[in-house]
Amino acid sequence: MWKYYAVLSAVFAALTAILAKIGVRNVDSNLATAIRTAVILVITWGIVFVSGSGARIRSVPGYSLLFLVLSGVSTGLSWLFYFKALQSGPASKVAPIDKLSVALTIFLGILILHERCDWQVVAGGLLILAGSMVLLL
């Protein structure tokens with residue numbers, strides 16, 4: 001099932017880039033990020049409460065909460081820089097360069113999480129890196 005979710009994530013990420021590029025044309029990129037974040041906040045908390053999982057917020061361990069907060073900070077910074085890049089650069093180059101995060105995630109997953117590394121993972125990461133470098137240069 002995770003593969004279907006991953007493909008849907010990619011589809012919506014692509015739409016995000018195109019819709020954001022259109023939306024950020026005449027708007028400060030930080031304000032645009034705040035508007036986008038507010039929409040996401042409403043949607044995700046709505047899903048949490050409709051699904052009934054909101055009551056479990058008190059059972060989230062402090063350690064998990066710390067890392068979720070740090071992840072949120074990283075996400076926020078990523079979005080701020082992404083919207084700034086989209087405002088001044090072409091979506092067809094900004095979005096793929098942003099996907100360098102995939103190669104970095106592979107590297108950090110192996111280094112920090114000790115995830116399995118086989119030739120497909122290495123080859124995929126190197127191809128992503130190579131594609132991003134072509135766009136950067």
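Which residue follows α2, and what is the sign of its phi? Keep that in mind, everyone, and we'll get to it when we walk along that helix. Hello, and thanks for coming. One thing before we start: what you see above is a predicted model.

Let's begin with the whole protein. Its secondary structure consists of six helices and zero strands. Reading from the N terminus, the order is simply α-α-α-α-α-α. If you draw a box along the principal axes, the C-alpha atoms fill roughly 50 × 45 × 25 Å. The protein has 137 residues, and 15% of them are buried. Now look at contacts with a separation of 6 or more: 73% of them are between residues 24 or more positions apart.

Now for α2. This helix has 23 residues. From its first C-alpha to its last, α2 reaches 33 Å, close to the 33 Å expected at 1.5 Å a residue. At its start, a side-chain oxygen of Asp28 comes to within 3.0 Å of the backbone nitrogen of Asn30. And at the other end, here is the reply to my opening question: Gly52 follows α2, and its phi is positive, near 85°.

Which residues of α2 are buried? They are Ser29, Ala32, Thr33 and Arg36. Here is a handy bit of background: an α-helix has 3.6 residues a turn, so residues three or four places apart point the same way. Try looking for that when you turn the model on your screen. As for what covers the buried residues of α2, α1 and α3 are included.

Let's zoom in on one of them, Thr33, which sits in helix α2. Thr33 counts as buried because its relative accessible area is 4%, and the cut-off is under 20%. Setting aside neighbours within four places in sequence, Thr33 is in contact with Trp79, Leu80 and Phe83.

You can compare that with Ser132, over in helix α6. Ser132 has a relative accessible area of 2%, so this serine is buried too. Again leaving aside neighbours within four places, Ser132 touches Pro96, Ile97 and Leu100.

Next, the pockets. Why roll a probe over a protein at all? Rolling one the size of a water molecule over the atoms shows where empty space is left.

The largest pocket holds about 880 Å³ of space. There are 27 residues lining this pocket, and those closest to its centre are Phe12, Ala13, Thr16, Arg36 and Trp79. Four elements give two or more residues to that lining: α1 (2-23), α2 (29-51), α3 (62-88) and α5 (100-111). Which of them gives the most? That is α1, with 10 residues. Sorted by class, the lining has 18 nonpolar, six polar and three charged residues.

Some of those names should ring a bell. Arg36 is among the buried residues of α2, and Trp79 is one of the contacts of Thr33. Thr16 is worth a stop as well. This threonine is in helix α1, and at 25% relative accessibility Thr16 counts as partly exposed. Its C-alpha is separated by 9.5 Å from that of Ala95, although the two are 79 residues apart along the chain.

For another pair, take Ser71, in helix α3. Ser71 is partly exposed, at 38% relative accessible area. The C-alpha atoms of Ser71 and Leu111 are 18 Å apart, with their positions 40 residues apart along the chain.

Back to the pockets for a moment. The second largest has about 150 Å³ of space. Its lining includes Ala103, Phe107, Cys117, Gly125 and Leu129. Both α5 and α6 (119-136) supply at least two residues to that lining. By class, 10 of the lining residues are nonpolar, one is polar and none is charged.

Last stop: the loop between α5 and α6, where you'll find His114. Is His114 buried or exposed? At 66% relative accessibility, His114 is exposed, since the cut-off for that is over 50%. Its backbone deserves a look too. Most residues other than glycine have a negative phi. His114, though, has a positive phi, near 55°.

That's my tour. Do spin the model around and find these residues for yourselves, and I'm happy to take questions.

Technical notes
Residues are numbered from 1 along each chain as its sequence is written. This is a predicted model: local features need pLDDT of at least 70, side-chain atom pairs count only at pLDDT 80 or more; totals for chains, interfaces and linings use all residues. Side-chain values use heavy atoms; hydrogens and water are left out. On a 1 Å grid over the protein atoms alone, a cavity is a set of points where a 1.4 Å probe fits but cannot get out, and a pocket is an open set with protein on both sides within 12 Å along at least five of seven lines; lining residues have an atom within 4 Å of a point. Grid points are joined across faces, edges and corners, and a volume is the space filled by probe spheres set on the points. Ala, Val, Leu, Ile, Met, Phe, Trp, Tyr, Cys and Pro count as nonpolar, Asp, Glu, Lys and Arg as charged, and the others, Gly among them, as polar. The expected span of a helix is 1.5 Å times one less than its number of residues. Buried means under 20% relative accessible area, exposed over 50%, partly exposed in between (1.4 Å probe, protein chains only). Contact means heavy atoms within 4.5 Å. A polar contact is a pair of N or O atoms within 3.5 Å; within protein, one must be able to donate a hydrogen and the other to accept it, and residues adjacent in sequence count only if both atoms are side-chain atoms.
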